[in-house]
Structures are given as structure tokens and as C-alpha cells.
Amino acid sequence: MGYSRQRTLGRYGQPTPPTITPFTFPASTGGVNAVDGLMLMPPTDCVYTTNLMPSEYGLRLRKGYQEWATGCVEDPPRAPSSNVNSIIPFESNIQSVSNDRLFAVTAEGIWDVTLQNTIAPVQEVTFTQTSNPAGFGVWTEFTGDAAGDGLRGHYLFYADGLNGIWQYEEATDTWSQPPSGTAGTDWHYMDTDGTTPLAFPVDNVAFVMVHKQRIWVILEDDDDAWYLPLASVTGELKKFTFGSKMPHGGNLVGLWNWTVDGGNGVDDMLVAVSRGGDVIVYQGEDPEITPSGSAIGPWSTRGAWFIGETPESRRIATTYGPDLFILSTYGITSLNGLLRGDALGQSAPSKKVNRFLRPDVETGKNSSAWQLTTHPADGFLQIITPKPASNPYLQYNMNLQTMAWGFWEGVPIFGADSWNGDYFMGGPDGKVYVNSGTLDNQTLTETGEPISFRTLTSFQAPAGHANYNRVGIIRTVGVLAGVAALNVKAVYDYAIQTEVSPPVSVPSSGDNIWDSAVWDLTLWDFTLEGKSFPQGALGMGRTFAVAISGNSSSRINIVSWDVLFNTGGYL
């Protein structure tokens, strides 16, 4: 079909209007929208976007991943898998990066991966039990009352459901289990009569956290928690009963801090979450209750909610500013939203992707691999999901500034955390990756591969929903410094399952391809500046969207798509 813009005369000798209409799809900075109707979705949202993440300036390609350390596996292996299930960062109490540590946790133990390019990391802890959920643990730092010189009294605690609790002491640079026995300096508890000390089962601790200078722990398959004396890493542990306050049942999953104004000024609340989905918030300084029943704290309940069943993982919550996000079968729940009285659907940060997230949580709720974490330096919250049996790895990512969602695809992650400004990810085969660069799967010795991406914008009907349209040209506008290849396609009438054939892969190293454009395939290569390329499109429909598939070795930032179309009237 032709697109002539030459001046022509109509029936009465007057110039006829152009037959081509322009329309611009802005970059989908609103992210994935699975809550609005397809007909009413705003142009700034999209049906899906994979590896092109919603950012403040447009759709920006995520960073790549490259090996940081390898070899976190015993020879011969004892565990069913050698995945790095948890990443533990440790920040020194003194102003010396030489005391900072990065640890990787597998089902076989804890490994020191502090140094980049490590191929034979030191195994600091050897686990005795290697089946699931070994290695899927939680951690916390704690500074006790003996930290006068900046080193003594500074600890890192780790716990998982099979191998109990372990502690790292900065002063000695060693890992050990807390001392368990009947002495006053051991972890112990009193019998029911309150007269005889008993050794505390440190091998059975599944969760650890710190609240108001007290270490709290939860035993596996228990609905109560235990706490140590104030500012202490040893001594008598006392029990606090949660189970009777949780009507939906299930064991106690975990405890988290939540800093919020509870009506008497800003305070640190203690949030308890059960497997059945009960959330209870406590406020006070001391959980101990006197025999007369008066609170010493005072310690009291400030609220209780139901958020739906939670996954088997104990890594289902994370703090972000004054809020606490919790993952459940309802999606992600905001405690600030619950405090305001919002309905779960209205306050959920994940409401725009809950259509996908809820069934994923329901299907994989028996997995320990779920993790909710944030990376402040790159400004995102990530939901780490269990590895699908046959599909690529998939992670949910939310821009913390705009609250827009996108998906990471093809990045192998079992656990992750931030350390020294970078995002570190535990991968398969005893590998630790760092989220960096512009290539995927970059090893210690070999160059990686370009990052693939795909997006489907929202559907729009600029000529009205009763008119048929034919798109002829789509021009992608973006910014990058490097090489990118892409295919675009006009998708009509809500055909959201339409696939776009990926283009040839751009070179990850070596000679670049200079500024060439091929029909239905575009290669971008230039210094950092704005650039646009037109491509042909076919088809006809009442509404249309733009689908894009490509790969890049640069952090491409797509700004918009300009579309030229003509209208055929009412059909």
C-alpha cells in the first residue's frame, strides 16, 4: 500500500486531508497492567514487558549478570543440588572494608565469597543435613554490650529450618553455633517449674531476628518465639506465645520490625506472621508479663489482620522506608495500607500484577525459594520465585520510585541481597553472580551474551473503536550507546498471545555493525544519543498495539513508538 503525501484535489477542487494519521505510544513507564480492562488500559501501561524495565525516563534494559565467584560445592557433592540458596552480606562495625564479608549459603554449608573472581572459596560452615530447606535461610546482624572496641560483640546470625542457628563473630572472623547448655553463659531455658535450666535446641532454630536490642528466634514447626536478655548473645531464653492469637493456624513463619507511628509517636513495632496468614502487630519495650498480669513494657497488641496463606519460605517480608511488604496468596500486602484501613486489593503494591502473582504463589507455596528483597542502588524490589520445571527463570521486579512492574527473564536466582552497592545473586552449580554490565551469563573467563527483551504495549484505538485501522510504519525511538537489534510488529484487537520473532543476536564483542537498518530488523550502534528507526508493519484491526522483540549489549532506553496508520471507516 502507498503512503503518498502529495497534494491532491477533492470533488470541489479543495485539497483532501492526508490519508495517514500519526499516533505515538509513550514508553510503558506505568509497567505491566493486569488489573484494568484491555480496552481502558492507559497508553503508559503495557500488557507485558520482559527485561525492559519501567524506569523514570522510559523502558530501560536491566543490567546483565556475571560470575563473581564459583566453586561453592563440595567434592564429591553431598547435597541433591549445589544451588546457592542464600546470599549474606556483612558490614563491619569499623570503618574498614577489609572486615566486610560476603557469604554464600548452599545446602552443604556457608562459603566465603568476599573476593571477586574466587574459584575455590573457603567453606566456613559444614551442614549436617542437606535436603530442603537447607540453605534457604534468614540472617541478621547484632551488636551486643561488649562492642566497645568496634569488633567485640558484633555478630552475624544465620538460621534455616534444618541446620539450626549459626553465628559469625567479627572479632575472631569465625563461624560457630551459639553455646547450648545449662550454664548462665549458655543458651538455655527453664523447665515448667522455673527451677531447672535446660539446654536450648539451637539445632532446631529456623528463624532469627533482632527487635529493640533483643535476639528473637523461632523453632522449626513451632507457633511460639523465644527471646534473649537485652543486648545479650547468651543467657536464658524466654518464650512468648503467638499461636493462641492466630485464628487461621499454621506455624509461626517469622517476626519483622516495622517502624511506624502507632498513635503515640514513631516506634518500632514487632510484626508476627503465621503460615495461615494471620498478621499481629505488637508495641512495647519488654514482652515479659508479671505474674499479676501488668505489663512491664507496656507490651500490647496494636492490630491484627488476615492476608491469606503464606508460602513455605521464611523470606517473605521486607521493609521499605516506613512500610513493611509481606508476600502471600493475596500478593504483596502493605502494612501501611492495612493500618489506614484500605482493602487488600486497594493497598497492595502488587495489584497491577496480582493476576499473575497470585496463581504463582498458590502453585509454588510449598517451595522455600520465595524471597522478597530490595536493591536500593538500582531502585527495585524483587520477588524471587521458585525455578519452573521447564520454563525460563522468572522474577517479578517493581520500580520503587514509580511502583511499576516488569519481569526479569532468564536470570538464574535462588537467593539475593545487596552488598557494597551491588546486587549479588545465588545461582546454580555453586556460582554467585553480580548484577552488573550489559551482558548475560558472563563467566570469569568468557564473554557473555546480549540481553534479550520483549514488550507488548497497551491496545489503543485513536480513530475510535468502530473504525478499522491499518498500520504501515512503526518507528522506535530510544537512547543507547552500543549495539541493539529489534523486531517490531503491529498487534491488533487484543491478540495478547501474539509472538514476535526475535532478531539475530548482536555481537557481544568484536567488530560493531555501523548504523544499518534492514526491513523488519533494526540494528542500533552509536554513541550515547537519541536515535530512531522506522520499520514496516502489516495487518488490520479496530485497535492496535506495538510488540517488540530484540536483544542488546547496551543499556538501551526506549522512549516511544511513533505509528503511522490509515483508517478504513466503520466496519
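Which elements each supply at least two residues of the lining of the second largest pocket? I started my notes with that, working from a predicted model.

**Entry 1: second largest pocket**

I looked up the strands first. β7 (86-90), β11 (138-143), β17 (205-211), β22, β26 (317-320), β29 (371-375) and β33 (415-419) each give at least two residues to this lining. I noted a volume of about 710 Å³ for the second largest pocket. Its lining has 29 residues, and I marked W139, W256, A317, T318 and D417 as the ones nearest the centre. Sorted by class, the lining of the second largest pocket holds 13 nonpolar, 12 polar and 4 charged residues.

**Entry 2: β7**

I then took β7 from that list and asked whether its residues are buried or exposed. I found 5 of its 5 residues buried. I checked the two faces separately: S86, I88 and F90 lie on one side, I87 and P89 on the other, and all are buried. For pairing, I found β7 joined to strand β8 (residues 101-106) by 5 bridges, with the two strands running antiparallel. Across from I87 I found A104 of β8.

**Entry 3: the sheet that contains β22**

β22 was also on the pocket list, and I followed it into its sheet. The sheet is open, has 4 strands in the order β22-β23-β24-β25, and pairs antiparallel. Why do β22 and β25 each have one side without a neighbour in the sheet? β22 (252-261) and β25 (300-306) stand at the edges and have a single partner strand each, so one side of each is left without a neighbour there. I also noted the turn between neighbouring strands of this sheet, which is 25 degrees on average, direction ignored. Inside the sheet, I looked at strand β23 (residues 266-274) and strand β24 (residues 278-283), which run antiparallel and are joined by 4 bridges. V271 stands opposite V281 in β24.

**Entry 4: largest pocket**

I turned last to the largest pocket, with a volume of about 830 Å³. It is lined by 31 residues, and I listed F356, D360, L394, Y396 and F407 as the closest to its centre. Two or more lining residues come from each of β3 (45-50), α3 (354-363), β31 (394-399) and β32 (405-409). Which element gives the most to this lining? I found that α3 does, with 5 residues. By class, I recorded 16 nonpolar, 8 polar and 7 charged residues in the lining of the largest pocket.

Definitions and conventions:
Residues are numbered from 1 along each chain as its sequence is written. This is a predicted model: local features need pLDDT of at least 70, side-chain atom pairs count only at pLDDT 80 or more; totals for chains, interfaces and linings use all residues. Side-chain values use heavy atoms; hydrogens and water are left out. Two strands pair if DSSP finds at least two bridges between them. Axes are lines fitted to C-alpha atoms, for helices over the stretch in contact, and angles run from 0 to 180 degrees between N-to-C directions. On a 1 Å grid over the protein atoms alone, a cavity is a set of points where a 1.4 Å probe fits but cannot get out, and a pocket is an open set with protein on both sides within 12 Å along at least five of seven lines; lining residues have an atom within 4 Å of a point. Grid points are joined across faces, edges and corners, and a volume is the space filled by probe spheres set on the points. Ala, Val, Leu, Ile, Met, Phe, Trp, Tyr, Cys and Pro count as nonpolar, Asp, Glu, Lys and Arg as charged, and the others, Gly among them, as polar. Buried means under 20% relative accessible area, exposed over 50%, partly exposed in between (1.4 Å probe, protein chains only).
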